[in-house]
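Here are my notes on the model you sent over. I start with the ligand site, then move out to the fold and one loop residue.

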Amino acid sequence: MRYRFHNYHPPAEDLLGEVLSGLACQPKRLSPKFFYDRRGSQLFEAITRLPEYYPTRTEIGILREQGGRIAEHLGHETVLIELGSGSPDKIRVLLDSLRPAVYMPVDISGEHLRDSSSHIARDYPDLQIEAVCADYSNGLQLPEMPADTARAAFFPGSSIGNFEPAVAIDLLRNVGHELGPGGAMLIGVDLKKDFHKLDAAYNDNQQITEAFNLNLLTRINREADANFDINHFDHLAFYNEDEGRIEMHLVSTCDQEVRVDGRRFHFTSGETIHTENSYKYNVNEFHDLASEAGYKAENVWIDNDELFSVHCLRVDSLAGNAD
Ligand code: AVI
């Protein structure tokens, strides 16, 4: 069997519990991991093709250009673990240059994972695929893999930027434990840059990012028995210079009360739900973060316009906690 699907997806109560506690916080917040139901994953794919959203095509350009060098670092015939099976074009570039023995995409959205990995299975019939539906932000649980096959991780799209730096360090450390000493990680990280360029990437003219942000409420209505009226919330995204991050929020456009699973939450006009952070790092800042997580920085590739970076990290010291 060349294709297997492993379902470690958290039960629905996890969503409900996290939504209830997030809305009880002051300021209110919701985790960005809940963006990715089937519709949210489709909207995110549409975002990656927007003219304003430079990260995806820039990262793919780097992967294409540096395929040979990347393979020298990551090696061939590995178990290639992809965290967040985001853009189908990206992984194809990497599969072509790395030719891994096993491809293991890990994604929180089961529907999206099934769709994308079955397309890969069709186009790469000799590749063993072990698709894992899991929330990797809560510790990485992976199926058994052959002990004698080297492991490499691919963490594309600057998804690491969606975690608070301290959480990002824990996450990278956990992945390091799965890779083992000497294991390699290829990770895409969005760079700090002129804030107009950043603002535009999260406030696109076609308002796809707005639809992506609002879809979170539609999902909660469906899966947590809630009654958000999406006509009474606006998309807000801006670069917070002090924190070095894009923030996304949903702004209540009036005083209103929303019911979630029988509980009532009051919103004043202008009050926001903080839905996402997207941290941006210059190269040195990211090297410091990787080193705190137990990795040595081996190489970094940057596009000519200095928009995006792709780092090769090597597991150096496994000290610290693993979940
Ligand atoms: C998945 N993640 C890296 C995207 C980002 O840029 O932070 C999610 C996104 N949010 C709005 N647009 C894209």
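1. Let me begin with the ligand, bearing in mind that this is a predicted model. A polar side-chain atom of Tyr53 sits 2.5 Å from one of the ligand's oxygen atoms. Tyr202 does likewise, with a polar side-chain atom 2.5 Å from an oxygen atom of the ligand. For Asn162 the partner is a nitrogen atom of the ligand, and the distance from the polar side-chain atom is 2.9 Å.

2. How much of the ligand's accessible area does the protein cover? On its own the ligand has 340 Å² of accessible area, and the protein covers 97% of that.

3. The shell around the ligand holds 14 residues, and the ones that come nearest are Tyr53, Asn162, Tyr202, Glu276 and Ser278. By residue class, the shell divides into seven nonpolar, six polar and one charged. If you want to trace it on the fold, look at helix 2 (38–48), helix 9 (208–223) and strand 12 (272–279), each of which supplies at least two of the shell residues.

4. Now the chain as a whole. I would have both kinds of secondary structure in view when reading it, since DSSP-style bookkeeping gives 10 helices and 14 strands. The C-alpha trace spans about 60 × 45 × 40 Å along its principal axes. Is the radius of gyration what one would expect, or what else does it show? For 323 residues a compact globule would come out near 20 Å, and the chain has 20 Å, so the two agree.

5. The packing numbers are worth a look too. Of the 323 residues, 55% count as buried. Among contacts in the chain with a separation of 6 or more, 71% are between residues 24 or more positions apart. The accessible surface of the chain is about 14,200 Å², with 45% of it belonging to carbon and sulfur atoms.

6. Last, a residue out on a loop. Glu144 lies between strand 5 (128–133) and strand 6 (151–155). Is Glu144 buried or exposed? Its relative accessibility is 80%, and the cut-off for exposed is over 50%, so Glu144 counts as exposed. As a distance check, take Phe44, which is 100 residues from Glu144 along the chain: the two C-alpha atoms are separated by 31 Å.

Key
Residues are numbered from 1 along each chain as its sequence is written. This is a predicted model: local features need pLDDT of at least 70, side-chain atom pairs count only at pLDDT 80 or more; totals for chains, interfaces and linings use all residues. Side-chain values use heavy atoms; hydrogens and water are left out. A residue is near a molecule or strand if one of its heavy atoms lies within 4 Å of it. A polar contact is a pair of N or O atoms within 3.5 Å; within protein, one must be able to donate a hydrogen and the other to accept it, and residues adjacent in sequence count only if both atoms are side-chain atoms. Accessible areas come from the Shrake-Rupley method with a 1.4 Å probe; for residues, only the protein chains shown count as cover. Helices (H or I, at least four residues) and strands (E, at least two) are DSSP runs, numbered from the N terminus. Ala, Val, Leu, Ile, Met, Phe, Trp, Tyr, Cys and Pro count as nonpolar, Asp, Glu, Lys and Arg as charged, and the others, Gly among them, as polar. The radius of gyration is taken over C-alpha atoms; the globule rule is 2.2 Å times the number of residues to the power 0.38. Buried means under 20% relative accessible area, exposed over 50%, partly exposed in between (1.4 Å probe, protein chains only). Contact means heavy atoms within 4.5 Å.
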